[in-house]
Amino acid sequence: MKFPGQRKSKHYFPVKNRDPLLAQLIQQPKPTGTWICGIDQTLVDIEAKVDDALLARYQLPKGNSTLLEETQAEALYTELKAAGVISGQFAGGTIGNTVHNYSILADDRSVLFGVMSRQVEVGSYAYRYLCDTSSKVDLNHLQPVNGPIGRCFTLISENGERTFAISKGVMDKLSAEYINQQLVQGSSALVISAYLMRAAEGDGITQAAMTAIQYAKEADVPVVLTLGTRFLIEQDPQFWRDFIRDHVTVLAMNEEEGLALTGFDDPLLASEATLEWCDMVLTTAGATGLYTAGYAEESEKRETAHLLLPGVIPEFNRYEFSRPKRRRDCDAPIKVYAHISPYMGGPEQILNTNGAGDGALAALLHDLAANTFHKTNVPGSIKHSKGGLCYSSFSQICKYANRVAYEVLAQNSPRLSRGLPEREDSLEEAYWER
Ligand SMILES: Nc1ncnc2c1ncn2[C@@H]1O[C@H](COP(=O)(O)OP(=O)(O)OP(=O)(O)O)[C@@H](O)[C@H]1O
Ligand SMILES: Nc1nc2c(ncn2[C@@H]2O[C@H](CO)[C@@H](O)[C@H]2O)c(=O)[nH]1
């Protein structure tokens with residue numbers, strides 16, 4: 001504990017720094033702000049340990065995210081409450097988690113579009129949501145609605161696998177007028193999830209997402225899509241392939257979603273297949289770690305200093321030190337892949353993996369935004385003379401995403417409560433010194 005009186009007097013008088021009079025002589029350019037935008041269904045996660053019999057009774061396929069009727073949702077809540085198995089209630093939603101984690105990592109602004117109950121009572125789910133969201137997430141553009149936000153029963157099985165059951169409340173009532181065109185068009189990325197496309201007839205969130213995508217495309221802002229759950233993709237893989245080809249710059253998925261989308265269960269082959277439709281992909285593969293894949297310019301490719309890895313594409317990581325670029329910006333595009341095994345082998349104990357993928361995506365978004373920040377503030381840098389989607393190489397993005405996923409797993413909640421340490425012995429010093 002530090003006491004105010006114990007500070008040395010010199011701490012109160014560093015008045016020569018940024019002297020208001022001297023500042024007029026030395027005009028420093030003010031760094032321009034950077035932000036990302038996300039759209040989500042406003043949801044609170046209600047986490048509970050359950051057995052398979054409960055999942056069967058409520059007809060909840062393991063691993064899926066199923067929409068519940070209101071009566072079923074109430075029955076489930078009452079049952080979980082009576083059994084005393086609710087272990088926590090946190091703000092959730094796959095994009096809500098991602099933009100929150102981005103803001104924590106970047107210590108910078110993100111903008112969330114979604115709905116919020118017009119009247120928020122202390123202790124309500126809406127209140128919980130607002131309390132658990134980083135103050136760097138700009139919530140000023142949420143649409144006020146009459147009714148409760150959504151609840152996401154996050155049911156954890158014995159083996160740690162999570163199954164979601166959604167009581168949607170008014171979470172899908174977002175209307176397109178609440179998407180701020182200027183904010184989307186000035187952002188470093190627009191991040192959306194596949195869940196936004198499954199709203200019922202008459203609910204506006206799908207149209208709101210399509211409007212935001214349109215704004216982003218007009219301004220050449222990268223559109224980042226995360227697939228959510230394999231069940232959604234399995235229903236109509238061709239719809240999703242077309243959707244990605246028409247709208248998406250960067251795709252995030254896990255290996256099961258990759259299989260549903262491409263037909264390949266090998267994450268490397270699934271990643272390669274998606275590059276026919278988008279510019280970059282982040283494929284997480286649970287205990288096997290994660291992959292990044294995308295394009296680089298043939299003449300700018302950089303060979304790895306790491307061991308060349310075996311796989312269905314032999315020595316696939318050869319050029320992982322290259323920086324990702326959009327395919328259309330390459331004269332001679334080559335496909336580049338990188339992989340990393342779980343940071344430190346993963347935490348000693350994983351209670352559940354909820355949100356690890358969202359964490360990894362937040363790290364990738366941070367790198368995307370760092371690129372726009374650097375390009376805007378240091379336009380003369382040779383880094384930007386030939387364009388580029390991200391600030392770092394495929395390999396560095398893998399490391400960063402992996403480290404963030406570890407942090408989410410270690411703290412047992414989908415939202416980071418603090419940023420990463422500035423330095424850590426287990427990472428190369430060079431990375432932090434750059
Ligand atoms: N069992 C594990 N051991 C070690 N690391 C793991 C384990 N499970 C996940 N991870 C780490 O977390 C990352 C993301 O995990 P996973 O592939 O399960 O994401 P996901 O299915 O998209 O998760 P979610 O949808 O809940 O956000 C992995 O790439 C890996 O780095
Ligand atoms: N937006 C949205 N998020 C979901 C849905 N189902 C599960 N999730 C979220 O997915 C997160 C983990 O990736 C959890 O925190 C859940 O809140 C859904 O239907 N829509």
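## The shell around ligand 1 and strand β14

Helices α11 (356-377) and α12 (394-411) each supply at least two residues of the shell around ligand 1, where helices (H or I, at least four residues) and strands (E, at least two) are DSSP runs numbered from the N terminus. The model is predicted, and local features need pLDDT of at least 70, while side-chain atom pairs count only at pLDDT 80 or more and totals for chains, interfaces and linings use all residues. Residues are numbered from 1 along each chain as its sequence is written, and chains are lettered from A and ligands numbered from 1 in the order in which they are written.

With four residues, α11 gives the most to this shell. In total 20 residues surround ligand 1, and the closest are Thr284, Pro342, Gly346, Gly357 and Ala405; a residue is near a molecule if its C-beta atom, placed from the backbone, lies within 6 Å of it. By class, the shell has nine nonpolar, ten polar and one charged residues, where Ala, Val, Leu, Ile, Met, Phe, Trp, Tyr, Cys and Pro count as nonpolar, Asp, Glu, Lys and Arg as charged, and the others, Gly among them, as polar.

Thr284, one of the closest residues to ligand 1, also belongs to the buried side of β14 that holds Met280 and Leu282, while Val281 and Thr283 on the other side are buried as well. Five of the five residues of β14 (residues 280-284) are thus counted as buried, a term that requires 20 or more other C-beta atoms within 10 Å of the residue's own, with C-beta atoms placed from the backbone.

The pairing of β14 with two strands is set out below; two strands pair if DSSP finds at least two bridges between them.

| Partner of β14 | Bridges | Direction | Example of a bridge |
|---|---|---|---|
| β13 (residues 250-254) | five bridges | parallel | leucine 251 with valine 281 |
| β15 (residues 290-297) | five bridges | antiparallel | methionine 280 with glycine 294 |

Five residues lie between β14 and β15, which form a hairpin, and glycine 286 in the turn has a positive phi of about 50°.

The protein chain as a whole has 13 helices and 16 strands. Its radius of gyration, taken over C-alpha atoms, is 22 Å, close to the 22 Å that the globule rule (2.2 Å times the number of residues to the power 0.38) gives for 434 residues, so the chain is as compact as a globular protein of that length. Of the 434 residues, 47% count as buried.

Notes:
A residue is buried if 20 or more other C-beta atoms lie within 10 Å of its own, exposed if 12 or fewer, and partly exposed in between; C-beta atoms are placed from the backbone.
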